[in-house]
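Q: Here is a model with a ligand. Please go through the labels for its pocket and contacts and say what backs each one.

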Amino acid sequence: MIENSVLELVIGDITDEKTDAIVNAANSQLAGGGGVDGAIHRAAGPSIMQQTRQKYPEGCPTGEAVITEAGRLKAKYIIHTVGPVWRGGREDEDVYLRAAYRNSLELAVEYRCQSVAFPAISTGVYGYPLDLASEVALSEIRQFLNEQSDPFLVQCVLFNEGIFGAYSRVLEQWMS
Ligand code: ADP
């Protein structure tokens, strides 16, 4: 609990979430792909790609976020954000990853969402080291929740035990 906001870590598949918005770890062309991006498009249906093509033909730069409806998913919206590709930590990857979380959360507020689910952005194909990515993700989410006056739920939906473990270790460190 952070004020009247809640941060939850769960192991699961983000396409099953019932939060107002789920976040997609997209690529900058918004072209769909493997990983969580592919899973979200498959589950939500082709209307999502139609919307991204129509509303965002230029794609989405790294660190920014755009929004569509959620098609067949239980969520109302999909927020598509683009995390950085890990290049050894010399190219401000942390700044871009932080921005991806922050811009997604701000877009959610703009669309009056009160709950958002995130995957572990950039930790798959984009190769961001899990221990570093989880620290960035949780610290940016915490900062955001601290600034909220209205109730807000953020769920980190982590695809396996390993990712869940990395996130849990960050929270344990904060509490020790
Ligand atoms: P990126 O290109 O940003 O690295 P990936 O989709 O390759 O994106 O991986 C991001 C994270 O999403 C990884 O930790 C991966 O294990 C996780 N992931 C893959 N599929 C799902 C899913 N259906 N739900 C939640 N997380 C998922």
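Q: What makes up the lining of the largest pocket, by class?
A: The lining has 14 nonpolar, nine polar and two charged residues. Ala, Val, Leu, Ile, Met, Phe, Trp, Tyr, Cys and Pro count as nonpolar, Asp, Glu, Lys and Arg as charged, and the others, Gly among them, as polar. This is a predicted model: local features need pLDDT of at least 70, side-chain atom pairs need pLDDT 80 or more, and totals for chains, interfaces and linings use all residues. Residues are numbered from 1 along each chain as its sequence is written, and side-chain values use heavy atoms, without hydrogens and water.

Q: Which residues of the lining lie nearest the centre of the largest pocket?
A: Ala25, Gly35, Val36, Asp37 and Gly124, out of 25 lining residues. A lining residue has an atom within 4 Å of a point of the pocket, an open set on a 1 Å grid where a 1.4 Å probe fits, with protein on both sides within 12 Å along at least five of seven lines.

Q: Where does the ligand sit?
A: In the largest pocket. The term requires more than half of its atoms to lie within 2 Å of the grid points. That pocket has a volume of about 540 Å³.

Q: Why is the pair between the ligand and Asp13 called a polar contact?
A: The cut-off for a pair of N or O atoms is within 3.5 Å. A nitrogen atom of the ligand is 3.0 Å from an N or O atom in the Asp13 side chain, so the pair qualifies. Backbone atoms take part too: a ligand nitrogen is 3.0 Å from a polar one of Ile14, and a ligand oxygen is 2.8 Å from a polar one of Val36.

Q: How much of the ligand does the protein bury?
A: 91% of the 560 Å² that the ligand exposes when taken alone. The areas come from the Shrake-Rupley method with a 1.4 Å probe.

Methods
A polar contact is a pair of N or O atoms within 3.5 Å; within protein, one must be able to donate a hydrogen and the other to accept it, and residues adjacent in sequence count only if both atoms are side-chain atoms. Grid points are joined across faces, edges and corners, and a volume is the space filled by probe spheres set on the points.
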